[in-house]
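Q: Please take a close look at one chain for me, along with what it touches. I'm new to this, so spell out the terms as you go.

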Amino acid sequence: MNAATVFGLLATALVGVGLYGFIVNPQPLRKILAFNVIGSGVFLLFGAIARRGAALGLGGDPVPQALLITGIVVAFSATALAVTVLLRLFDETGSTTLSSGVAPSASEPDPAKARE
Amino acid sequence: MSTLVDLFSYVAIGAGAIFFLAGTVGLLRFPDTLTRLHALTKADNLGLGLVVLGLLPHVAGVLPALKLIAIWLLVLLSGADASQLIARAARRGEPRSRPGP
Amino acid sequence: MAEFLLGAAGFVLAMVALGLVRILRGPGDADRMMAAQLLGSGGIAALLLGGAAIGDDTVVDVSLTLALLAAFASIAFVQFAPPSSPGAPDDEERT
Amino acid sequence: MIEVFHLVPALLIGALAVYTTVARDTFAATVGFIAYGLMLTVAWVQLHGVDVALTESAIGGGLTGLLLVRASAKLRATEAAARAERPRASTRLAAAILAAAVSAGLAIAVLALPDPAPTLAPEVLANMGPTGVGNPITAVLMAFRATDTLLEAIVLLLALVGVWSLAPDRVWGGRPGPRYNADPDGILAFIARVLPPIGIIVGIYIFWVGADDPGGKFQGATIVAAMWLLVLMAGLTDAPPISRRLLRAGLVAGPVAFIAIGFAGVATAGAFLAYPDGWSKPLILVVEFALMPSLALTLGLIMAGAPERAEAASPREAAP
């Protein structure tokens, strides 16, 4: 079992765990977390494949590694946008529920919004 | 000479590892948040310092050595600050959302 | 030497893992917040040891970044904690 | 011994992923995820992706943790309502079966990967000479696949536009996020004064060594952005109003320079983003120098969030 196989198999487990969390967790922030777990599983799988491509003194294939850097930054920006949308939903409705037909929860809207 | 240097590294890194062990024992055994925080920030920062000390003879050049020392100082700085901040938050009770002014 | 360094890295990580089990159980948020701090020092030590073992100097830069940002999650945590008690010298809309 | 060093982080990452998924409390899950991100950094080093590890440590250690802790603290009031929406056991079982099937399929694919593995490393090394950079990953990012990097910078800008567009109409053009307060003589203000000078130097250093060693503009820009956010959180300065022209010019300066050099390549080297012979290194440097401040500004403003205060509402004019 070399590192590429260990982390490749770990990556497949992470995708599964993240997928499960994405489906069963009702809280949208938890869904964002779960989506990031799936994403990091995909990245790790990619990283394992890059590691297998080690050649000529390089520790890994530089092309997938470069794409990984791009991927991590883009995943971050998508996460930040999703979190901002979620916070805005909470500010507007006082709730984060995604199900239709459920009245907004009893919790107060964020008092920060009351100021002008 | 190099055996002596290696021996120094073994001793320093080994001692560092023992401090990490002590920190974990503290985390597992201490009864409340503040004492656990104490165990964590004191023992682990010392452990890291010893690890850095043990690695110093093995780096090539001045810049990597300075970086190693800078890492330890940064961890000391942020560890001390973060533990103070966490301890205050713990004493104030459970944090809630804090709206801006 | 490399074997010893890798062993020490594995040992430190195992200690970190044990500690994580305890603090992630809580009960308070402050306990859990320590996880980031624990991984700060422990993870940096493991990275330095592992990097030295495989002879890759550039790993030091990764540790440097981690060390610099080690306090970030904790700072975010306290900044969103409730304001300190009225007697505390908190900000008074200074101008 | 090598196996132990690989297996311990792998098990820890798996356990933290499970904890993040099943923890009852959202804040606990968030902290679990931050720890998970820090452990991933170790995994990247073990996979010999030091450049990737740097990216993960800068983004995962700094920005993501801040973003998620802030959100979960704010959303604490919705915990009970969310718990009531937990799906039935049958749904959970179906989800578990689906997830296990996906994992198993991927695992079979991993074990069946071709041997010897395909690699582009020889091609990259063979063609790296003319680019003048010593880090193969920088060569890929800035020369062979420069279009990806350009689009990445644009995606970041689009994310910022998306964040800004969430502002209510009445505060459009105003300052992002709340005005933070902290004891000006307190620990937070102290660390916000001590750390940023060091952090900016480290950020520029990481940016600078990126030509030949692991590092580069994204990692450096992330560190610089994190330092700005620290100063912001300690209340030492205020976020600038987003309608400021200079700010917007700074945001687009990097991508515009990149695109201009790309079109210049059409005229001088026959293709978009192609560099004429002998000009690769200077042009790559120009693009990197132009992109780094724009990226730092974009990342910082994405983190600062949507405008929440009209510009006029803040009586004092803090320097941005």
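A: Of the 320 residues in chain D, 53% are buried, where buried means 20 or more other C-beta atoms within 10 Å of a residue's own, exposed means 12 or fewer, and partly exposed is in between, with C-beta atoms placed from the backbone. Keep in mind that this is a predicted model: local features need pLDDT of at least 70 and side-chain atom pairs count only at pLDDT 80 or more, while totals for chains, interfaces and linings use all residues. Residues are numbered from 1 along each chain as its sequence is written, and chains are lettered from A and ligands numbered from 1 in the order in which they are written.

Let's start with the build of chain D. Chain D has 12 helices and 2 strands; helices (H or I, at least four residues) and strands (E, at least two) are DSSP runs, numbered from the N terminus. Follow the sequence and you'll meet them in the pattern α-α-α-α-α-α-α-α-β-α-α-α-α-β. The C-alpha trace of chain D spans about 60 × 60 × 35 Å along its principal axes. Two residues are in contact if their C-beta atoms, placed from the backbone, lie within 7 Å. If you take the contacts in chain D between residues at least 6 apart in sequence, 74% of them join residues at least 24 apart.

Chain D also splits into domain 1 (1-86) and domain 2 (121-320), with bounds that come from an automatic or database domain assignment. Their C-alpha centres are 25 Å apart. Where these domains of chain D meet, 10 residues of domain 1 are in contact with 12 residues of domain 2. The domain 1 side of that meeting has 7 nonpolar, 2 polar and 1 charged residues. Here Ala, Val, Leu, Ile, Met, Phe, Trp, Tyr, Cys and Pro count as nonpolar, Asp, Glu, Lys and Arg as charged, and the others, Gly among them, as polar.

Now for the neighbour. Among the 5 pairs of chains that touch, A and D have the most contacts: 74 residues of chain A are in contact with 81 residues of chain D. On the chain A side, α1 (3-24), α2 (28-52) and α3 (62-93) each supply at least two residues, and α3(A) gives the largest share, 24 residues. That side of chain A divides into 45 nonpolar, 23 polar and 6 charged residues.

Let's zoom in on α1(A). This helix has 22 residues and reaches 31 Å from its first C-alpha to its last, close to the 32 Å expected at 1.5 Å a residue (the expected span is 1.5 Å times one less than the number of residues). Because 20 of its 22 residues are buried, α1(A) is largely enclosed by the rest of the structure.

Back in chain D, look for D:Arg145, in the loop between α7 (136-144) and α8 (146-164) of chain D. With 17 other C-beta atoms within 10 Å, D:Arg145 is partly exposed. Leaving out residues up to four places away in sequence, D:Arg145 touches A:Ala66 and D:Val140. Its C-alpha atom is 20 Å from that of D:Val209, 64 residues apart along the chain.

Not every pair of chains touches: no contact joins chain A and chain C, whose closest C-alpha atoms lie 10 Å apart. Chain C has 4 helices and 0 strands, and 67% of its 95 residues count as buried.
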